[in-house]
Amino acid sequence: MSTSSPLRQSDRPGGAGSPPVTGPPGALRALALFAAVRLAGTAAVVAVDRIAGHPFGKSLAHAWDSVWYLHIAEHGYGSQVRITSTGAVQTDWAFFPLYPGLIRTLSGLTDLTTGRAGLLVAWGCVLIAAYGIHAIGHRLHGRTVAAWLVALWAALPHSVVLSLAYTEPLFTACAAWSLYAVLKGRWPTAGALALLAGLSRPSGIAAAVAVTAAALHEAVRQRGRVPAGLWAGAALGPLGWAGYVLWVGAQTGDLLHGYLRVQSAWKSQLDLGAGPLHMLRWMPPQGSGPAYPMAVLVVTASVVLFCLLCLDRTPLPLVVFSGVLLLLVLAVSGPFSSKPRFLLPAFPLLLPAARALAAAWRAHRHRTCLLYGTLTTVSLLYGAYLAALSPQPL
């Protein structure tokens, strides 16, 4: 692992013999492919909704967690409570404020409903995230790997979430550009973006941990001779996540443990994997359909990819960011079918696969296109099932 990765001169924008450019070469083409895949995924969800007799757009903006975010955007916090069959009191304090705040702002500035505003915010953020992912891939390995990195992110089994009114696009956009700022040595920018990532969802703390770890590594490497901006960035990063957690604690009357109790009502608590293992034990007789087996496959593949990432001398902040997200998925309880969604922002895990596809593309383009086309088709069909038909939480 390292904190930076030198590029060949030919890979650098504006390198020798190349005219100055405003962004990484190939970015527009990669984003166009990404947008095409995700538009196809959105169309598939709408089509399945229509076939199933659901109201138009229900699965895009009015399902599962989206309902809570839209309610917060319309009515604020403390206005919605749900009592589960076991008597647990689930409140809207479990949901972080940045996404509903952006929805409320956009809806207030326009005539859009909160549902449409939520989709526009998510769709705008997902393009920003894809551009950030491409920028990181290009900086580390050049344009071909960067293009495959974005293409893979678009076609993961659970990438349908990137088309829905969920927080993953916002979180990934903040985290990707925060990590890019670290790679460029722009510490205050990295810390500010990590702060925003921490306001987007509970796992947003991963961005702050990555920035802080990279800052400490750089300080040790330079024997303390680092600019003040490095310490400012490291200090800024955790403030968003910690600020909201403490605010929830204050609302509940238990400053330090209130947020943990709120999450516990949602069956989300640190149990070192005991909860998921218990659910997997009872999965076959439950007849849970493809959601749980696919979740097991995705989580297992993520563990393997993380090991490859560590062996590949990947920059430290990317490894730490992915590692924290993977650790949270493995160690925190909750619906196992949702675990792959929580891993969607961990895009650095795709770097080994993107490098392999880039090598295959140079040797066997037809076979590589066939492989990616198959992967995309499976992703679109499975994504439409997850969003519109699956009884398991997304």
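Let's start with Arg261, which forms a salt bridge with Asp254, the closest N and O atoms being 3.3 Å apart. This is a predicted model, by the way. Arg261 is exposed, at 58% relative accessible area. Asp254 is buried, at 17%.

How many salt bridges are there? The count comes to 6.

Next, Arg341 and Glu168. Their side chains meet in a salt bridge, 3.0 Å from N to O. Arg341 sits in helix H17, residues 339–343, and Glu168 in helix H7, residues 168–184, so the pair ties together parts that are 173 residues apart in sequence. Are these two buried or exposed? Arg341 is buried, with a relative accessible area of 3%. Glu168 is buried too, at 0%. Both belong to a network of salt bridges that also links Asp65 and Arg201.

Now helix H15. It runs over residues 291–311, 21 in total, and reaches 30 Å from first C-alpha to last, close to the 30 Å expected. Its buried residues include Tyr292, Met294, Val298, Leu305 and Phe306. Down the axis of H15, the buried residues fall within an arc of 150°, so they line one face of the helix. Why can that happen? An α-helix has 3.6 residues a turn, so residues three or four places apart point the same way. The face of H15 turned away from the buried side carries exposed Leu297 and Leu311.

After H15 comes Arg313, with a positive phi near 55°. In the loop between H15 and H16 lies Asp312. Arg355 forms a salt bridge with Asp312, with 2.6 Å between the closest N and O atoms. Arg355 is partly exposed, at 34%, and Asp312 is partly exposed, at 28%.

Definitions and conventions. Residues numbered from 1 in each chain as written. Predicted model: local features only at pLDDT ≥ 70, side-chain atom pairs only at ≥ 80, totals over all residues. Heavy atoms only, no water. Helix = DSSP H or I, 4+ residues; strand = E, 2+ residues; numbered from the N terminus. Expected span 1.5 Å × (residues − 1). Buried < 20%, exposed > 50% of the residue type's maximum accessible area, 1.4 Å probe, protein only. Arc of directions from axis to C-beta. Salt bridge = Lys/Arg side-chain N within 4 Å of Asp/Glu carboxyl O.
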